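Open the model in your viewer and keep the sequence panel visible. The tour below goes from one selection to the next and says what is found at each stop.

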Amino acid sequence: MDKVSIITPTYNSERYISHTIASVLSQTHSNFELIIVDDCSSDKTSEIIKAEKINDSRITFIQLEK
């Protein structure tokens with residue numbers, strides 16, 4: 001089974017990011033990596049992603065500095 005990379009850019013999406021992550025994690029194809037790139041969010045987006053990352057090693061979080 002081929003590995004699929006899912007790249008999700010985000011910015012100030014604390015209202016939606018948990019749902020987005022849950023949607024990806026619930027897919028039947030399990031050989032994937034979810035790469036989330038945060039573009040300097042000023043809300044709680046990064047905290048939510050970090051908490052989700054603890055529960056699933058397929059999540060990679062990249063937080064841009066500027």
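Select Ile 6 and Leu 34: Leu 34, in strand β2, is the bridge partner of Ile 6. The model on your screen is predicted. Now widen the selection to residues 4–10, which form strand β1, and residues 32–38, which form β2; these two strands pair in the parallel sense over seven bridges. Another of the pairs to pick out is Pro 9 with Val 37, its bridge partner in β2. Pairing of this kind has a general basis: strands of a sheet pair through backbone hydrogen bonds, either parallel or antiparallel.

Keep Leu 34 selected and look to the other side of the pairing. Opposite Leu 34 stands Ile 59, a residue of β3. Between β2 and β3 there are five bridges, and the pairing is again in the parallel sense.

Show the three strands together. They make an open sheet in the order β1-β2-β3, with parallel pairing. Why do β1 and β3 each have one side without a neighbour in the sheet? Both β1 and β3 (59–63) stand at the edges and have a single partner strand each, so nothing in the sheet flanks the other side. On average, neighbouring strands here are turned by 15 degrees against each other, direction ignored.

Stay on β2 and colour the strand by accessibility. Five of its seven residues are buried, so β2 is largely enclosed by the rest of the structure. From β2 the chain crosses through helix α2 to β3, in a right-handed β-α-β crossover.

Next, add the helices. Select residues 17–25, helix α1, which joins β1 and β2 in a right-handed β-α-β unit. Helix α1 lies across β1, β2 and β3 and runs at about 165 degrees to β2. Then select residues 45–55, helix α2: it packs on the sheet and touches β1, β2 and β3, with its direction at about 155 degrees to that of β3.

Go to the loop between β1 and α1 and select Ser 13. Is Ser 13 buried or exposed? Its relative accessibility is 13%, so Ser 13 counts as buried, the cut-off for buried being under 20%. Leaving aside neighbours within four places in sequence, Ser 13 is in contact with Asp 43 and Thr 45.

Thr 45 also leads to the next stop, since Asp 38 touches it too. Select Asp 38, which lies in strand β2. With neighbours within four places in sequence left aside, the contacts of Asp 38 include Thr 10, Tyr 11, Ser 46 and Phe 61. Which side chain of opposite charge is nearest to Asp 38? That side chain is Lys 50, 8.3 Å away; Asp 38 is buried yet has no salt bridge.

For the last stop, select Arg 58 and Asp 56. Their side chains meet in a salt bridge, at 2.8 Å from N to O. A search of the whole structure finds one salt bridge. Asp 56 is buried, with a relative accessible area of 13%, whereas Arg 58, at 23% relative accessibility, counts as partly exposed.

Methods. Residues are numbered from 1 along each chain as its sequence is written. This is a predicted model: local features need pLDDT of at least 70, side-chain atom pairs count only at pLDDT 80 or more; totals for chains, interfaces and linings use all residues. Side-chain values use heavy atoms; hydrogens and water are left out. Two strands pair if DSSP finds at least two bridges between them. Helices (H or I, at least four residues) and strands (E, at least two) are DSSP runs, numbered from the N terminus. A crossover is right-handed if, with the strands pointing away from the viewer, the path from the first strand over the helix to the second runs clockwise. Axes are lines fitted to C-alpha atoms, for helices over the stretch in contact, and angles run from 0 to 180 degrees between N-to-C directions. Contact means heavy atoms within 4.5 Å. Buried means under 20% relative accessible area, exposed over 50%, partly exposed in between (1.4 Å probe, protein chains only). Lys and Arg count as positive and Asp and Glu as negative; His and the chain ends are not counted. A salt bridge is a side-chain nitrogen of Lys or Arg within 4 Å of a carboxyl oxygen of Asp or Glu.
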